[in-house]
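Trainee: Could we look at a protein model together and practise reading how its parts pack?
Mentor: Happily! Let me put it on the screen.
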Amino acid sequence: MLQTTIAGSLPKPEWLAEPKKLWAPWKSSGAALEAAKCDATLLWLKLQEDAGIDIVTDGEQSRQHFVHGFLERIEGIDFNHKVEMGIRNDRYKAMVPTVTGALRLAGRVHATEARLARAHTSRKLKFTLPGPMTIVDTIADRHYGDKITLAMAFAELLNQEALALEADGVDTIQFDEPAFNVYMDEVATWGIRALERAAAGLRCITAVHICYGYGIQANIDWKGSLGAEWRQYEQTFPVLAASKIDQVSLECRNARVPLRLLKLLAGKDVLVGSIDVATNAVETPEQVAAVIEDALEFVPVERLFPCTNCGMAPMSRDVAAAKLVALGQGAALARRRLGV
C-alpha cells in the first residue's frame with residue numbers, strides 16, 4: 001500500500017550537464033557522454049532505492065529535455081534550424097525543432113537506459129515518454145498542417161517505442177501531458193484519443209502525468225495568476241476517468257487544487273503529488289504524510305501512490321535527493337499510522 005514513485009525526471013549531476021537548467025548542454029560527447037549518462041542513471045537508481053522509493057525511474061538522465069530527448073531519434077525533424085515558439089499557450093518561449101517531412105522512428109529511442117535500469121534494480125521500473133499533445137505543443141510544424149494529424153503521427157511512434165520498452169521489462173509506462181492543463185477543450189476532442197493510441201496494446205501499467213509544470217519562474221508566475229482555486233483538473237479528470245489509462249499523476253503539495261476533485265478519478269490509480277518541486281524547502285515526513293492523509297478522504301488507499309508534483313530536472317541534486325528521502329519517510333509514516 002502507498003507505494004512511492006516520482007514524476008520522472010531528476011537533476012543531472014554537474015559532471016554530466018549544467019545544473020539547475022532545462023535544455024542544459026552536455027559536458028562531454030561521444031563515448032564519454034554515453035558512459036556519463038549511464039553513470040548518472042545508476043547513481044539516481046541507487047539514491048531512489050536508498051530513499052525508499054518503491055517504483056523507480058531512470059531519472060531521464062539520458063535526455064536533455066523530456067520531449068526533445070524522444071524527438072532526437074525521429075526522422076522528419078530538423079534540429080539544425082530551430083525556431084522560437086511559444087510553449088503552453090505562450091507561457092514561455094523556447095527554441096524548438098521543426099517537422100519537415102513524414103515522421104518515422106530511426107530505431108529504438110530509449111533501449112540503452114531502459115535496459116540498464118532494468119538490469120540494476122529489482123524494484124518496479126517506470127519509464128516516461130512525452131504525450132502526443134505535449135509534443136505537438138513543443139515543436140514547430142511545416143509538413144502535416146494540423147495538430148490532430150501531427151499528434152496521431154507522434155502517437156504511432158510513441159506506441160512503437162512503448163511496446164519495445166514493455167518488452168525490455170518496464171513495469172509502468174507514463175506519458176507526460178502538461179499540455180492537458182492548458183488546452184482542456186482539446187483534451188476531450190482529440191487529446192485522449194491520441195493518448196490512447198500511444199498506449200494501445202500495452203499490457204503493463206499505463207499512466208499519464210498532468211501537472212502545472214516544472215518549478216521554473218514562468219510556471220510559478222502562471223500559477224500565481226490562476227486564482228484561489230486551480231480547477232483545470234475539473235475538466236480533464238472526467239475524460240481521463242473514462243479512458244483506458246490506468247493511472248493519473250497530479251499535483252497536490254502546496255497547490256490550490258481542491259482535493260475533492262480527486263473523486264472525479266474514481267476507478268483510477270492516483271499518483272498524488274506530495275513533494276513540491278517549485279521550492280528548495282525540503283518537506284518533513286509529517287508534511288508528506290499530511291498530503292497523503294488528506295487525499296485518502298477521496299482516493300481509496302489501495303489506489304493512492306505518493307509521488308512528486310512534477311519532474312525535478314531543474315532542481316539542485318542535493319535538494320532533490322533530500323526530497324526523495326522525505327517522500328519515502330512520509331509514506332512510511334502514513335503507512336504506520338494507517339496500519340497498512
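What follows is a set of questions and answers on helix packing, empty spaces and one loop residue in this predicted model.

Trainee: Let's begin with H1 and H3. Are H1 and H3 parallel or oblique to each other?
Mentor: Helix packing can be described by the angle between two axes and the distance between them. Here the axes of H1 (residues 30–51) and H3 (residues 111–119) come within 10 Å, and they cross at roughly 40°. Angles under 35 degrees count as roughly parallel, and the label that therefore fits H1 and H3 is oblique.

Trainee: Which residues of H3 make the contact with H1?
Mentor: The crossing of H1 and H3 is right-handed. On the H1 side, the contact is made by Cys38, Thr41, Leu42 and Leu45. By class, the contact has five nonpolar, two polar and no charged residues. The H3 residues you asked for are Thr112, Leu116 and Ala117.

Trainee: H1 also packs with H10. What is the angle between H1 and H10?
Mentor: Start with the residues: Leu43, Trp44, Gln48 and Ala51 in H1 meet Arg317, Ala320, Ala321, Leu324, Val325 and Gly328 in H10. This contact has seven nonpolar, two polar and one charged residues. The axes of H1 and H10 (residues 317–338) are 8 Å apart, and the angle is about 35°.

Trainee: How do H5 and H6 lie, roughly parallel or oblique?
Mentor: H5 covers residues 147–167 and H6 covers residues 184–198. Their axes come within 7 Å and cross at roughly 25°. Since angles under 35 degrees count as roughly parallel, H5 and H6 are therefore roughly parallel.

Trainee: How many charged residues are in the contact of H5 with H6?
Mentor: H5 passes H6 in a right-handed crossing. The H5 side includes Lys147 and Glu156, while the H6 side includes Arg193 and Arg197. Sorted by class, the contact divides into nine nonpolar, one polar and, for your count, four charged.

Trainee: Now for the empty spaces. What is the volume of the largest pocket?
Mentor: A rolling probe the size of a water molecule shows where empty space is left. The largest pocket is lined by 16 residues, with Glu34, Lys37, Ser62, Val109 and Glu113 nearest its centre. H1 and H3 each supply at least two residues of that lining. The volume of the largest pocket is about 290 Å³.

Trainee: How many charged residues are in the lining of the largest pocket?
Mentor: Among the residues nearest the centre of this pocket are Glu34, Lys37 and Glu113. By class, the whole lining has five nonpolar, five polar and, to answer you, six charged residues.

Trainee: Which residues are closest to the centre of the second largest cavity?
Mentor: The structure holds two cavities of 30 Å³ or more, and about 120 Å³ of space lies in the second largest cavity. The lining of the second largest cavity divides into eight nonpolar, three polar and six charged residues. Of the 17 lining residues, the closest to the centre are Lys12, Lys21, Arg63, Gln64 and Ala313.

Trainee: Last one: which residues does leucine 296 touch, not counting residues up to four places away in sequence?
Mentor: First find leucine 296 in the loop between helix H9 (285–295) and strand S10 (304–307). Its C-alpha atom is separated by 9.8 Å from that of valine 272, and the two residues are 24 residues apart along the chain. Leaving out residues up to four places away in sequence, leucine 296 touches Val301, Leu304 and Leu338.

Definitions and conventions: Residues numbered from 1 in each chain as written. Predicted model: local features only at pLDDT ≥ 70, side-chain atom pairs only at ≥ 80, totals over all residues. Heavy atoms only, no water. Axes fitted to C-alpha atoms, helices over the stretch in contact; angles between N-to-C directions. Helix = DSSP H or I, 4+ residues; strand = E, 2+ residues; numbered from the N terminus. Parallel < 35°, antiparallel > 145°, perpendicular 65-115°, else oblique. Left-handed = near helix turned anticlockwise from the far one by under 90°. Contact = heavy atoms within 4.5 Å. Nonpolar A, V, L, I, M, F, W, Y, C, P; charged D, E, K, R; others polar. 1 Å grid on protein atoms, 1.4 Å probe; cavity = no way out; pocket = protein on both sides within 12 Å on 5 of 7 lines; lining within 4 Å. Points joined across faces, edges and corners; volume = space filled by probe spheres on them.
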